[in-house]
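This report goes through one protein structure in plain terms. Please look at the sequence and the structure below before reading on.

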Amino acid sequence: MSTSLEMPAQPEHRHLKGMPLPPSGWALAILLGLYIFTGLIGHDPWKNDDAVTIGVVYDLVTGGHWLTPSLAGRPYPDAPLHYWLAAISSQLFAWALPVHEAARLASGVFTLLALTFIHLAARELHGREQAPAAPLLLAGSIGFLFHAHEAQPMLATLTAHTAAYWGLSQLSRRPLRGASCFGLALGLGFLANGLVPMLPLLPIAAFVVWRSEKRQRAALSVLASLLLASAVAGTWLLGLLLSSPAYLAAFWQVELAQLSDGAQPLLSLLHFSTLLPWYAWPALPLAGWTLWVKRRQLASTPLALPIFAFLVTLAVNSAYLGARSAPALLLLPPLVLLAVPGVASLRRGAANAFDWFNMITFSFLAALAWLGWSAMVFGWPARLARQASRLEPGFVGQFSSFNVAFALLGTLAWCWLIVTSPRSPMRGIMHWMAGLTLFWLLIATLWMPWIDYGKTYRPLSASLAKALPAKRGCIADGNLPDSLLASLDYFDGIRTVAAQSAAGKDCDLLLIQGAPRSGGWQKLWEGGRPGERRDNEKLRLYRRETRKSHPGN
């Protein structure tokens, strides 16, 4: 922001020097670095995407199936880019970190790249002064926080989308660089998550060509981009065709199934209407404010491009991907690019209200985080300690001087920031981002042992490993989700075969999740995570009764 938009600090704070607004240089880098890399390490693989991704990476590292990713010994037809980089990261940092923690560092790299590209795209569309709002808005989106700190392939796709917006935004001014950036983003995006998540970028590129003053040159640039993307993606596809055509056929079958089966568009749109208000906060309301305050300029490229991009991405997600949390990440870049002008154009009263809301909310949440930590470690307040123990039975809190010192330093930095920040249209979003970073830092340093205790499958896997017969054949599984298959393999090398397969039908052992099995099966073991109370979440191991058991069992 120019200095004309800034207001002088309060007189009583003139002797204090706060962070300049908008933040830039080292100040912005430190803030984003704390946000990105805090919480990537210090906990086991968690249910769903985090465990599955780490399971694929572990299989890749131990089995060496670089062209054909697999999960717990089974083919896992999926685009490989995120797994490749996570596996490389796990190898580079194997001297200091276990595989699951080192693999998550790849997510931090993709997050950093996505924030960089969205900043560059905002600078092309809205100018250098307003551009710093873009990474703050993207990182400050609540839905982004959830996925930025897990092993999540969709982060690589998000990075490709933000890079594509940067390429398209400079297509008229610098066609060669813009086309190269868009083509690489499109090709690498395909390698990150397949065809369907990249589909919105094709009509968006056509829209940019249609609006270009030099349409023929822009069309040729986009055509060159498509050729570059095909060359990048085709390298892996050609390798599969030559070495593993069956895997290639399975991959395309999954891709085509997404296009043919799709989702329920109207139902997905309804779900998005309830998901986005919190998922895309505060970018969504600021984008709405931009639409209102700039309503006479909606036909201009800086506004028309993100509006069209959001509508197309929403349509593709609703038609093919559904209103799921991870694919919804792709809706954030166009919303952020649309919201950037809204930050600077907020009226003083609204800007002050937003700023005060952020300071009060995150100060309150920080106090709650410290209070909850006190309950878990010291047993005070007693009522809160009883509730924590009820949710995660058996957890015993431990005092960590390093974690407490780091959390205390972050809390003091927050207090310093809200006292010394100069008045600026950027102060509200700055305090939101800083407050969200503080809250996540406190959760990652103070609460992570308690959260990990309830989410990890490590004790469950160890208990199952002890219950397995010393001499055994194969283990069939009837309905285990991919996250469980990945966790059992990662923690204790327990692998199963599908119960409906030819090999599975001949197994003497059966592992299932959910309702008990009867009729010819003897239960050997039952277990679950500490907080799991529902019967359909329990794991059960059975042995076939109709066959003789192996000697020594």
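## Surface patches

Arg123, Arg128, Arg174 and Arg177 form a positive patch on the surface. A patch is made of residues with over 30% relative accessible area and no salt bridge, where like charges are joined within 9 Å and nonpolar side chains (Val, Leu, Ile, Met, Phe, Trp, Tyr) within 5 Å. Lys and Arg count as positive and Asp and Glu as negative, while His and the chain ends are not counted. The place of a charge is taken as NZ of Lys, CZ of Arg, CG of Asp or CD of Glu.

The model is predicted, so local features need pLDDT of at least 70 and side-chain atom pairs count only at pLDDT 80 or more, whereas totals for chains, interfaces and linings use all residues. Residues are numbered from 1 along each chain as its sequence is written, and side-chain values use heavy atoms, with hydrogens and water left out.

Arginine 174, one of the residues in the positive patch, sits in the loop between helix H7 (154-169) and helix H8 (175-193). Helices (H or I, at least four residues) and strands (E, at least two) are DSSP runs, numbered from the N terminus. Arginine 174 counts as partly exposed because its relative accessibility is 37%. Buried means under 20% relative accessible area, exposed means over 50%, and partly exposed lies in between (1.4 Å probe, protein chains only).

A nonpolar patch on the surface consists of Trp26, Ile30, Leu34, Phe402, Phe406 and Leu409, with about 700 Å² of accessible area together. Helix H1 (25-37) and helix H18 (401-420) are the elements that give two or more residues to this nonpolar patch. Accessible areas come from the Shrake-Rupley method with a 1.4 Å probe, and for residues only the protein chains shown count as cover. Tryptophan 26 belongs to helix H1 and is exposed, because its relative accessible area is 71%.

## A buried histidine

Histidine 161 is part of helix H7. Its relative accessible area is 0%, so histidine 161 is buried. Which residues is histidine 161 in contact with, leaving aside its neighbours within four places in sequence? They are Pro197, Met198, Leu201 and Leu330. Contact here means heavy atoms within 4.5 Å.

## Salt bridges

Side chains of opposite charge can pair when their charged atoms come close. A salt bridge is a side-chain nitrogen of Lys or Arg within 4 Å of a carboxyl oxygen of Asp or Glu. The structure holds nine salt bridges, and the table lists three pairs, including the distance between N and O.

| Pair | N to O distance |
|---|---|
| Aspartate 59 and arginine 495 | 3.5 Å |
| Arginine 173 and glutamate 124 | 2.6 Å |
| Arginine 540 and glutamate 526 | 2.9 Å |

Aspartate 59 and arginine 495 form a salt bridge. This pair links distant parts of the chain, 436 residues apart: aspartate 59 is in helix H2 (residues 49-63), and arginine 495 is in the loop between helix H21 (482-492) and strand E4 (497-498). Aspartate 59 is buried, at 2% relative accessible area, whereas arginine 495 is partly exposed, at 37%. Asp59 and Arg495 also belong, with Asp489, to a network of salt bridges.

Arginine 173 and glutamate 124 meet in a salt bridge as well. They are 49 residues apart, with arginine 173 in the loop between H7 and H8 and glutamate 124 in helix H4 (residues 99-126). Arginine 173 is partly exposed at 49% relative accessibility, and glutamate 124 is partly exposed at 24%.

Arginine 540 pairs with glutamate 526. Arginine 540 lies in strand E7 (residues 539-544) and glutamate 526 in strand E6 (residues 521-527), so this salt bridge ties together parts that are 14 residues apart in sequence. Arginine 540 is buried at 2% relative accessible area, and glutamate 526 is partly exposed at 37%.

## Backbone features

Most residues other than glycine have a negative phi, and most peptide bonds are trans. The peptide bond from tryptophan 281 to proline 282 is cis, with omega near 5°. Proline 282 is in the loop between helix H12 (265-279) and helix H13 (283-293). Tryptophan 380 and proline 381 are also joined by a cis peptide bond, with omega about 0°, and proline 381 is in the loop between helix H16 (348-378) and helix H17 (382-391).

Asparagine 48, a residue other than glycine, has a positive phi near 75°. Asparagine 48 is placed in the loop between H1 and H2.
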